[in-house]
Amino acid sequence: MPIVKYLAGFVNQIQNYPYHLVDLSPWPVLVSFSLLSLLLGAVMFLHGFNYGGTLLTLGFILTAAGMTLWFRDVVVESVYIGAHTLQVQKGLMIGFILFIISEVMVFFSVFWTIFHSSLSPSVELADPFEVPLINTILLLSSGAFVTWSHHSLIFGIRNDAINGLIVTILLAVIFTGLQGMEYADAPFTITDSVYGLHSIHVIVGTLLLIVCLVRMINYQYTNTHHIGFESSLLYWHIVDIVWLFLYIVVYYWSGANCIMLPVRIYANSSTEK
């Protein structure tokens, strides 16, 4: 009977396990070679090799394109195919937490560099009670607004969720602009091993939140299924925490001359001898 054959084929399409076996995709290979080109281009550009800037730009464009297409497929699998079961969401969150741990290790190495550079009298930082304090207020406020947006989404208050995310993005853009102005006026450059790695993470986090806003407006999130928003929220809170450490250690402590104190004591003792 045709109906029996149809039902038999339909039953064969139902999987008896909660995991998602992904189809073959070209995007991981593209992103891998694009990241290699991006790294090689950055090294060549910083060392003054010919066509280093061209390779850097090409690697950046290919990486951005590959990641966009890859994440597009992930969204399709989640929203339209329904392949992201609770078990799949748990695996995705574990993977993202491991990524966050790797980011913590990166910032640990950056803080090590900061302590090293703080012992150099040639590195001068901004007044901690001027632009850095404003940036601290902006970033902490953005963390509060994105948390409000998340809780509004959970409780089904759609307008508050969207408005909270919009305010978060606006505060992040203002923060990035002030950071750019501060870095442009700073007496140090990347050659002093001091650079805006945190600002890069803020830009990445802002892009993630913009994607979340677009998906939220298009009704792709529910109060129980929003793993992409939760991952972006976790990333943004890590950015907030790192900035607090940066403000205390780099701006406030260095601005109070606490790090320079041992150097000055040693210099004074050497002069007296």
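Tyr51 sits in the loop that links helix 2 (27–46) to helix 3 (52–80). In this predicted model, the phi angle of Tyr51 is near 65°, a positive value in a residue that isn't glycine. That is worth a second look, because most residues other than glycine have a negative phi. As for solvent, Tyr51 has 68% relative accessibility and so counts as exposed, the cut-off being over 50%. Looking back along the chain, Gly41 is ten residues away from Tyr51 in sequence, and the two C-alpha atoms are 8.1 Å apart in space.

Another tyrosine turns up with a positive phi: Tyr219, at about 60°, again not a glycine. Tyr219 also belongs to a loop, the one between helix 7 (197–217) and helix 8. With a relative accessibility of 61%, Tyr219 counts as exposed.

Stepping back to the fold, the protein chain has nine helices and zero strands. Read from the N terminus, then, the order of elements is simply α-α-α-α-α-α-α-α-α. Of the 273 residues in the chain, 32% are buried, which means that they fall under 20% relative accessible area.

What about empty space inside? Searching the whole structure turns up one cavity of 30 Å³ or more, and the volume of this largest cavity is about 40 Å³. Its lining consists of Ile100, Glu103, Phe107, His201, Tyr235, Ile238, Val239 and Val242. Helix 4 and helix 8 (227–255) are the elements that supply two or more residues to that lining, and helix 8 gives the most, with four residues. Sorted by class, the lining comes out as six nonpolar residues, one polar and one charged. The charged one is Glu103, because Glu is classed as charged and the other residue types in the lining are not. By the same scheme His201 is the polar one, because His is in neither the nonpolar nor the charged group.

Helix 4 (residues 86–118) is also where Ile101 is found. Ile101 belongs to a nonpolar patch on the surface, together with Ile94, Ile97, Leu98, Val104 and Met105. Taken together, the patch residues offer about 550 Å² of accessible area. Which exposure class does Ile101 fall into? At 45% relative accessibility, Ile101 is partly exposed, so it clears the cut-off of over 30% used for patch members.

Salt bridges are quickly dealt with, as the count comes to one. The partners are Asp73 and Arg72, whose side chains meet at 3.0 Å, N to O. That distance counts as a salt bridge because the nitrogen has to be within 4 Å of the carboxyl oxygen. Buried or exposed, or somewhere in between, for these two side chains' residues? Asp73 has a relative accessible area of 22%, so it is partly exposed, and Arg72, at 45%, is partly exposed as well.

Conventions. Residues numbered from 1 in each chain as written. Predicted model: local features only at pLDDT ≥ 70, side-chain atom pairs only at ≥ 80, totals over all residues. Heavy atoms only, no water. Patch = residues over 30% accessible without salt bridge, like charges linked within 9 Å, V, L, I, M, F, W, Y side chains within 5 Å. Areas by Shrake-Rupley, 256 points an atom, 1.4 Å probe, with all protein chains shown as cover. Buried < 20%, exposed > 50% of the residue type's maximum accessible area, 1.4 Å probe, protein only. 1 Å grid on protein atoms, 1.4 Å probe; cavity = no way out; pocket = protein on both sides within 12 Å on 5 of 7 lines; lining within 4 Å. Points joined across faces, edges and corners; volume = space filled by probe spheres on them.
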